[in-house]
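Hi,

Here is the structure I promised to pass on. Have a look at it first, and my notes follow underneath.

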Amino acid sequence: MTHGYERPTAGLILAAAITLGTPPAQAAQTIVDGFNGSSINAGIWEVRLAQWGGPGRNGGVIPENVSIADGIVSIDGNGDLYTGPKRGWNANGYREDHGRRSGGAIRTREPQGPGRFEVRMKPVFEDGVTTAMWTFFYNFNGGDVINHEIDIELLNRQSPSPTGFRSDYTTMNTWLGESSSQANLQRVSIIDEQGDPAPQDLDEFHTYRFDWFAGEGVTYPRVEFYVDGVHHYTSREFVPTIPGQFTVGLWFPFNWAGQPDFVTRTLEIDRVAITPLANIIPGDANADGNVNLTDLSLLATNFGSTEAAWSLGDFSGDGNVDLVDLSFFASNFGHSASTPEPVTFSLALLGLLASTRQRS
Ligand SMILES: [Ca+2]
Ligand SMILES: [Ca+2]
Ligand SMILES: [Ca+2]
């Protein structure tokens, strides 16, 4: 453990503060891939040849649809009007005689999580196809634990109906089993508070993220979902505990995403970052790697909130922003992705905190 998750006592806070200036050793490896090479990093990723959903359901995901250039991984999805030379993959383990409804996906070789999963990408918004990012653990040997999964799927529907495309809705799901009774399935509106059109309406890159906390220490198990740094939903039910391989891709659902009446659409992935929980520092509200006054400002603005998330200063995960969260912040104040900040300032802050606690 590189930093305390237990509710700090004043003594613990002081002890932690005194050690500031020497950033904690980081045992876990953070993965950041901007895809700047001439090929996809095979040490991190496998390019998938696979099918799911059952025989004849779609053309699977095939390596021929995945390419890299200029810092971008491009993944083609071929719709019902596709007549090119690519050939899809059948669930029975052989090539189709056509390439219709074939997509592509990259998946980490190693299981990941809990932690922060962030993808900057330009999704495809079309009927019949879905851009998705997810962790997946499956117990192929059977037993009680079958399916631990967290996903963001940009099929963008307010309801399961195959008609009625809605680019302002995003699914944010957590699963502990294969049936919907073992999952928390949410279709979340991502229209902003000003009522402006959803950011996804634009043909631009956006950052999709989920922070997965499995309940370490006294923190609360939950998965927080974000689009462009804005918190949209927290799942507190059916929260996975088992690390899973992380996939980003474009694929064709069988019947619940509508008809893909197009030739080819392309998902562009600019960057993927996977941060293990040990490297996520309580207090770093804006997730920039530093714990400083910017984060304190976020915490202060939301102090007293009972519907908060990490980005608003709720580091413990109970939904409230209170002295517990301030304690987390204080114990990590000065942590920096580069140069530590002076200790003296945090000691002054701790004095303030101590006096506040005595009054409360
Ligand atoms: Ca890039
Ligand atoms: Ca920060
Ligand atoms: Ca809290």
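Below is what I found, going from the calcium sites to the strands and then to two loop residues.

One thing before you start: this is a predicted model.

**Calcium ions 2 and 3**

Let me begin with the calcium ion (ligand 2). Its protein donors are D284 (OD), N286 (OD1), D288 (OD), N290 (O) and D295, which gives two OD atoms, and they lie 2.2 to 2.6 Å from the ion. Along the chain these donors follow the spacing D-x1-N-x1-D-x1-N-x4-D. The site has six donor atoms with angles of 51 to 164 degrees among them, and it comes out as irregular. Both N290 and D295 are buried.

D295 also belongs to helix α2 (residues 293–302), where D295, L296, L299 and N302 are buried. Seen down the axis of α2, these buried residues fall within an arc of 140 degrees, so they line one face of the helix. As a reminder, an α-helix has 3.6 residues a turn, so residues three or four places apart point the same way. At the start of α2, the backbone nitrogen of T294 has a side-chain oxygen of N292 within 3.0 Å. After the helix comes G304, with a positive phi near 95 degrees.

Now the calcium ion (ligand 3). Here the protein donors are D314 (OD), S316 (OG), D318 (OD), N320 (O) and, with two OD atoms, D325; the distances run from 2.3 to 2.6 Å. The donor residues are spaced D-x1-S-x1-D-x1-N-x4-D in sequence. This site is irregular too, its six donor atoms making angles of 51 to 165 degrees. Of the donors, D325 is buried at a relative accessible area of 0%, while D318 is partly exposed at 25%.

D325 is one of the buried residues of helix α3. How many of the residues of α3 (residues 323–332) are buried? The count is 10 of 10, so the helix is mostly covered, going by the cut-off of under 20% relative accessible area for buried. At the start of α3, a side-chain oxygen of D322 comes within 3.0 Å of the backbone nitrogen of V324. G334 follows α3, and its phi is positive, near 95 degrees.

**Calcium ion 1**

The calcium ion (ligand 1) takes its protein donors from G34 (O), G71 (O) and D270, the last through both O and OD, at 2.3 to 2.4 Å. Their spacing along the chain is G-x36-G-x198-D. Distant parts of the chain are linked here: G34 sits in the loop between β1 (31–33) and β2 (45–47), D270 is in strand β15, and the two are 236 residues apart. G34 counts as partly exposed, at 22% relative accessibility.

**Strand β6 and its partners**

β15 (residues 264–276) turns up again as a partner of β6: the two strands run antiparallel and are joined by eight bridges. Within that pairing, A273 in β15 stands opposite E118. β6 is also joined to β11 (residues 206–213), again antiparallel, through seven bridges. There, H206 in β11 is the bridge partner of M121.

Why is β6 (residues 115–122) largely enclosed by the rest of the structure? Seven of its eight residues are buried, so it has that character.

**Two loop residues**

E204 lies in the loop between β10 (183–189) and β11. Its contacts, leaving aside residues up to four places away in sequence, are M121, K122 and P123. E204 and P123 are 81 residues apart in sequence, yet their C-alpha atoms are 8.4 Å apart in space. E204 counts as partly exposed, with 41% relative accessibility.

The other one is Q51, in the loop between β2 and β3 (66–69). Is Q51 buried or exposed? At 15% relative accessibility, Q51 counts as buried. A polar atom of its side chain lies 3.1 Å from the backbone oxygen of N58. Not counting residues up to four places away in sequence, Q51 touches R57, N58, G59 and G60, along with W89, N90 and A91.

That's the tour. Shout if you'd like to go through any of it together.

Cheers

Notes:
Residues numbered from 1 in each chain as written. Chains lettered and ligands numbered in written order. Predicted model: local features only at pLDDT ≥ 70, side-chain atom pairs only at ≥ 80, totals over all residues. Heavy atoms only, no water. Buried < 20%, exposed > 50% of the residue type's maximum accessible area, 1.4 Å probe, protein only. Helix = DSSP H or I, 4+ residues; strand = E, 2+ residues; numbered from the N terminus. Pairing = 2+ DSSP bridges. Donors = N, O, S within 2.8 Å, 3.2 Å for Na, K, Ca; no water. Contact = heavy atoms within 4.5 Å. Tetrahedral: all angles 85-135°; square planar, octahedral: opposite > 155°, others 65-115°. Arc of directions from axis to C-beta. Polar contact = N/O pair within 3.5 Å; in protein donor to acceptor, adjacent residues only side chain to side chain.
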